[in-house]
Amino acid sequence: MNYTEMKRGYLNGWHTWNVRSVLSHVHMPEGLTLNIALKEYRNGHYLKETLVGRFPEGYARTPAETAYPGPHAFDGSYTEMTLQWCDMEIRVESAVEEDELILLVTPVTKQIRPAMLVLEGGFLWGRDGWVERRGQTLIAHTPAGVRTIYTTGKAMSDPNIPVQTAFLSVTLDAPVAFSTNIRRSLADAQALVNAHRLTYYEKTSRYGALHDMYEAMECALSWDTIYDAKNNRVISPVSRLWSINSGGYVLFCWDNFFAGFMASLGCPNLAYSNLREILNEQTEAGFVPNFSYATGQVSADRSQPPVGSAMLLETYRILGEKWIVEDMYADLLRWNRWFAGHRMNPDGALCWGSEKIPVLFGNRWETEGVHATYGAALESGLDNSPMYDGVPFNPETNRLELEDVGLTGLYILDCRSLMELAKLIGRFEDIPELQERMEKACSGLENLWDEENGFYYNRRTDTGAFSRRISPANFYALFSPHVSQVRQRRMADEHYYNPAEFYGDWMLPSIARKDAAYPEQDYWRGRVWAPLNFLVYLALTQTELNDVRHDLAEKSAALFRKEWREHRHVHENYNSITGEGCDSGNSDRFYHWGALLCTIALADAGFIKNLGKPLES
């Protein structure tokens, strides 16, 4: 197999791949879409599209919906979404049976006057086709043939709805089913949906007490996955709200490498698509950019944490297919060389940076912080971290005046991962080069060890002084094979378990608890972020610190379950004082990398074998 063949086979069937509403079901490749909308009659509001995590602010005239994402099988065979809106609660389920779609809409609560349920038909992305209404059916004319959409609902008419295509409108005072090509009774539709629901939960039951961890991870990735018609690809942007506000989609570098790895637990095609497509954004200079917008803009001045090789390695460990390694290896090696050439100091330690670039789009990210401290902080992925407050930027080297433990540790991981991948596909000639760069980075890391305090600290390159502002990224030093067990234990006992720094009920905080910025709990200033927990856990797999690893897994699961059980949210970040996610407007409520907390728990329980270990193990 190759990537083109894999993608061709993936772009077929029914999916929720519309960029906007999660209640739109699209048949690929023709782009036929069926979108569920609602009108209520107490005030006459109309809900044309449903999104997860939309904030109520600014919707005083048209109330925002609250969507509770239920299961979403990777293959689209079963989905469930519960919607609360205008004092109504509605459950929407779908099932796919031999390429035919069944939609089941069940009102949980009722209004005095029943709401109207609208099913809009149309074609997305300028695809050829048209939809017409004949009585209580829709007829969709596609290049591949005709699809007929039936309903069990009772017809309801209202010309005052914002619909521009053919549609079916029915009274929502009882369960309603829609089906394609086969006219099904309500009982038949309910039986089919029930059967698919049972199959889904049988699959998740194999994870035992952690079934909710797997379900949440699959749910987050599947609901956030979209089809990018411009590039004919399936991708998983971090959330639909981010995509809508970015011209159609936005891909972030380390976010999507993590998404590829997570998808490998249940959907090889989605795993390969996310890994390959974010790597396809690689710039002419050789780095994978911080972001890539649907508009065509990328962050041409900066990259992001180099986790791609490690996530490809872990994906291979799970799926065992060499072709994707052969497909991606050369580009990952090029990225590794770029970091060495542009971010490595002569002593081997690395600094985050930002290149000087021309303004091409007029977007704020081409000017705000570019070739300055903020741009380099953005490259770290820890945008407003206090670690970078007041650190000078060197315009000659294009780097912060700060040797960074986190970046140096991640670069060591990148070299180690690439050497494993090189051995796998027979690129033995590259290993000496990678080994040399890794040893140089390890040497630079050793210069960041503070024996008195038993920790690796960032060091200012202009003054030579250690920076005492620490984050979980300081634990990435554990990726180095040269950190002794004595040092590992000191790092754990004196820092991980230190309640003035990291230890507590909700962890790991993104800056030490004793830091002056910690009480702010504003984005990377004290909140818990799943990728930090995950990378620290991955670093711990290189050590004998089993107690720390298990503790972090338990803490991560407890943090995730709090918001998941209360709201079905997968948060971008969490308050490390209260464990909440909804307390901040800077925490997207359905951001897929929050599910990395789930993968930690799954790995620790043995559902992800040999995470972080050499392949021969």
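Start by selecting tyrosine 496, which is buried, with a relative accessible area of 1% (buried means under 20% relative accessible area, exposed over 50%, partly exposed in between, with a 1.4 Å probe and protein chains only). Now add tyrosine 497, which counts as partly exposed at 25% relative accessibility.

A word on what you have open: this is a predicted model, where local features need pLDDT of at least 70, side-chain atom pairs count only at pLDDT 80 or more, and totals for chains, interfaces and linings use all residues. Residues are numbered from 1 along each chain as its sequence is written, and side-chain values use heavy atoms, with hydrogens and water left out.

**Rings**

There are 37 aromatic pairs in the structure (rings of Phe, Tyr and Trp, the last by its six-membered ring, pair if their centres lie within 6.5 Å; planes under 30 degrees apart count as stacked, over 60 as edge-to-face and the rest as tilted). Go to tyrosine 476 and phenylalanine 479: their ring centres are 6.2 Å apart and their planes sit at 50°, so this pair is tilted. Tyrosine 476 is buried at 3% relative accessibility, and phenylalanine 479 is buried too, at 1%. How do the planes of tyrosine 496 and tyrosine 497 meet? They are edge-to-face, with 90° between the planes and 5.0 Å centre to centre.

Next, select Trp242, Phe252, Trp254, Phe258, Phe261, Tyr523, Trp524, Trp529, Phe534, Tyr591 and Trp593, and you'll have a cluster linked by ring pairs.

Two arginines are worth a click here. Arginine 364 puts its charged end over the ring of tryptophan 365, 4.0 Å from the ring centre (a charge sits over a ring if NZ of Lys or CZ of Arg is within 6 Å of the ring centre and within 35 degrees of the ring normal). Arginine 459 lies over the face of phenylalanine 466, 4.1 Å from the ring centre.

**The largest pocket**

Keep Trp242 and Phe252 selected and add Trp365, Tyr523 and Glu572: of the 37 residues lining the largest pocket, these five are the closest to its centre. The pocket holds about 830 Å³ of space. On a 1 Å grid over the protein atoms alone, a pocket is an open set of points with protein on both sides within 12 Å along at least five of seven lines, while a cavity is a set where a 1.4 Å probe fits but cannot get out; lining residues have an atom within 4 Å of a point. Grid points are joined across faces, edges and corners, and a volume is the space filled by probe spheres set on the points.

Which helix supplies the largest share of the pocket lining? That's H4, with three residues. Helix H4 (240-244), helix H5 (253-263), strand S18 (291-293) and helix H9 (373-380) each give at least two (helices, H or I with at least four residues, and strands, E with at least two, are DSSP runs numbered from the N terminus). By class, the lining has 18 nonpolar, nine polar and ten charged residues (Ala, Val, Leu, Ile, Met, Phe, Trp, Tyr, Cys and Pro count as nonpolar, Asp, Glu, Lys and Arg as charged, and the others, Gly among them, as polar).

**Closed spaces**

The count comes to six cavities of 30 Å³ or more. The largest has a volume of about 60 Å³. To find it, select some of its lining, including Trp254, Trp352, Asp404 and Tyr476. Helix H10 (residues 405-425) gives the largest share of that lining, three residues.

**Helices and backbone stops**

Jump to helix H1 (residues 3-10), where Tyr3, Met6, Lys7 and Tyr10 are buried. Look down the axis of H1: the buried residues fall within an arc of 95°, so they line one face of the helix (the arc is that of the directions from the helix axis to the C-beta atoms). On the other side of H1, Arg8 and Gly9 are exposed.

Then pick glycine 308 in helix H7 (residues 308-319). Glycine 308 is buried at 0% relative accessibility, and its C-alpha lies 5.6 Å from that of phenylalanine 257, 51 residues away along the chain.

For cis peptide bonds, visit methionine 28 to proline 29, with omega near 10°, and methionine 507 to leucine 508, with omega about 10°. Proline 29 is in the loop between strand S2 (24-28) and strand S3 (32-39).

Last stop: glutamate 98, not a glycine but with a positive phi of about 50°. Glutamate 98 is exposed at 75% relative accessibility.
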